[in-house]
Amino acid sequence: MNFEHSIDMKELKALKVELTRFMMAYKFALDEMNTKINILKEEFNYIHDYNPIEHVKSRLKSPESILKKVYRKGYDFSLPVIKEKIRDIAGIRITCSFISDIYKLSKMLDNQKDIRVVDYKDYIKNPKPNGYQSLHLILEIPIFMSDRVETTNVEVQIRTIAMDFWASLEHKIYYKYNQEIPGHMIDELKEAATMAAELDRKMERLHKDIIEIKHANQEEDGENMVLTIEKDNIHIPFFEPLRPKK
Ligand code: 0O2
């Protein structure tokens, strides 16, 4: 009996190690993606002089939620099947300032050599019947572990502040009413989604106008060139070839 018990414990320990390594790959995938997104954000901020990314939130799906999803979808309870079928174990939600930023950002991610976009769902051009809008990407990225390279899926949802506001309220209502939302609320939510989309379009138009005015007013400032990287100012000495042409 003691012998049997020790075998069980060994198996349990092995399972724990296997599960931990499985989840770790997704945690590293999130770390890697967060670094990539931060670099894009800082570079974009510098080039275009505004911040396209308002907020980034990442989460690992809990083992309980993963198992619930496996059960709900009727998949086999095995790690290779879970890895192949459940593609949102690592999830990142990016909130952008404007709709055009969403597409710029998704293109920038797509252009990265080590990222492969394996699925692309545009719920902005084609909103869901309930009004839900967002751009969904499933990415595949390599994670370099000590003894192997693990190709890992990450789900990226990119949306504007208005879309995010709508989705979080809808999510709350959905759970509050236990998935049976009263008819008048469904209509009102849809109306709110249309208004949110109109607000996004208006804000984008205003933003474009502001940028145009800014460019028109920009003074030529060749004699005072300072590069600011993080908090360090690097002064470029003025000499003739750098003088801006009139
Ligand atoms: P959670 O807790 O946010 O992760 P999938 O079920 O993922 O295999 P599906 O249904 O094709 O495949 O995925 P889709 O359409 O890309 O949507 C997945 C995620 O998008 C959801 O994850 C939500 O986060 C979000 N989403 C999709 N539709 C809606 C919606 O109508 N309202 C809101 N508020 N969010 C939505 P999960 O797994 O449902 O939940």
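This briefing describes the fold of the chain, the surroundings of its ligand and two buried positions. The model is predicted, and the values below are computed from that model. The chain contains six helices and seven strands, and the space that the ligand takes up is the largest pocket. A shell of 17 residues surrounds the ligand, and ten of the shell residues are charged.

**Overall fold**

- Following the sequence from its start, the helices and strands of the chain succeed one another in the pattern α-β-α-α-β-α-β-β-β-α-α-β-β.
- The chain has 246 residues, and buried residues account for 33% of them.

**The shell around the ligand**

- Among the 17 residues around the ligand, those that come nearest are K121, Y123, N130, H136 and E170.
- Sorted by class, the shell is made up of ten charged, four polar and three nonpolar residues.
- Three elements, namely helix α2 (63-73), strand β5 (149-160) and helix α5 (161-176), each provide at least two residues of this shell.
- Of the elements that contribute, α5 gives the most to the shell, with three residues.

**Polar contacts and burial of the ligand**

- The side chain of K121, a residue also listed with those that come nearest to the ligand, places a polar atom 2.6 Å from an oxygen atom of the ligand.
- In the side chain of R59, an N or O atom is found 3.0 Å from an oxygen atom of the ligand.
- For K128 the partner is a nitrogen atom of the ligand, which lies 2.8 Å from a polar atom of the K128 side chain.
- The ligand would expose 750 Å² if it were taken alone, and the protein buries 67% of that area.

**Two buried positions**

- V156 belongs to strand β5, a strand that also supplies at least two residues of the shell around the ligand.
- With a relative accessible area of 0%, V156 counts as buried, because the limit for a buried residue is under 20%.
- V156 and L139 are separated by 17 residues in sequence, and the distance between their C-alpha atoms is 7.4 Å.
- A197 is part of helix α6, which spans residues 183-217.
- A197 has a relative accessible area of 12% and is therefore buried as well, since this value is under 20%.
- A197 and I99 stand 98 residues apart along the chain, and in space their C-alpha atoms are separated by 9.4 Å.

Key. Residues numbered from 1 in each chain as written. Predicted model: local features only at pLDDT ≥ 70, side-chain atom pairs only at ≥ 80, totals over all residues. Heavy atoms only, no water. Near = heavy atom within 4 Å. Polar contact = N/O pair within 3.5 Å; in protein donor to acceptor, adjacent residues only side chain to side chain. Areas by Shrake-Rupley, 256 points an atom, 1.4 Å probe, with all protein chains shown as cover. 1 Å grid on protein atoms, 1.4 Å probe; cavity = no way out; pocket = protein on both sides within 12 Å on 5 of 7 lines; lining within 4 Å. Sits in = over half its atoms within 2 Å of the grid points. Helix = DSSP H or I, 4+ residues; strand = E, 2+ residues; numbered from the N terminus. Nonpolar A, V, L, I, M, F, W, Y, C, P; charged D, E, K, R; others polar. Buried < 20%, exposed > 50% of the residue type's maximum accessible area, 1.4 Å probe, protein only.
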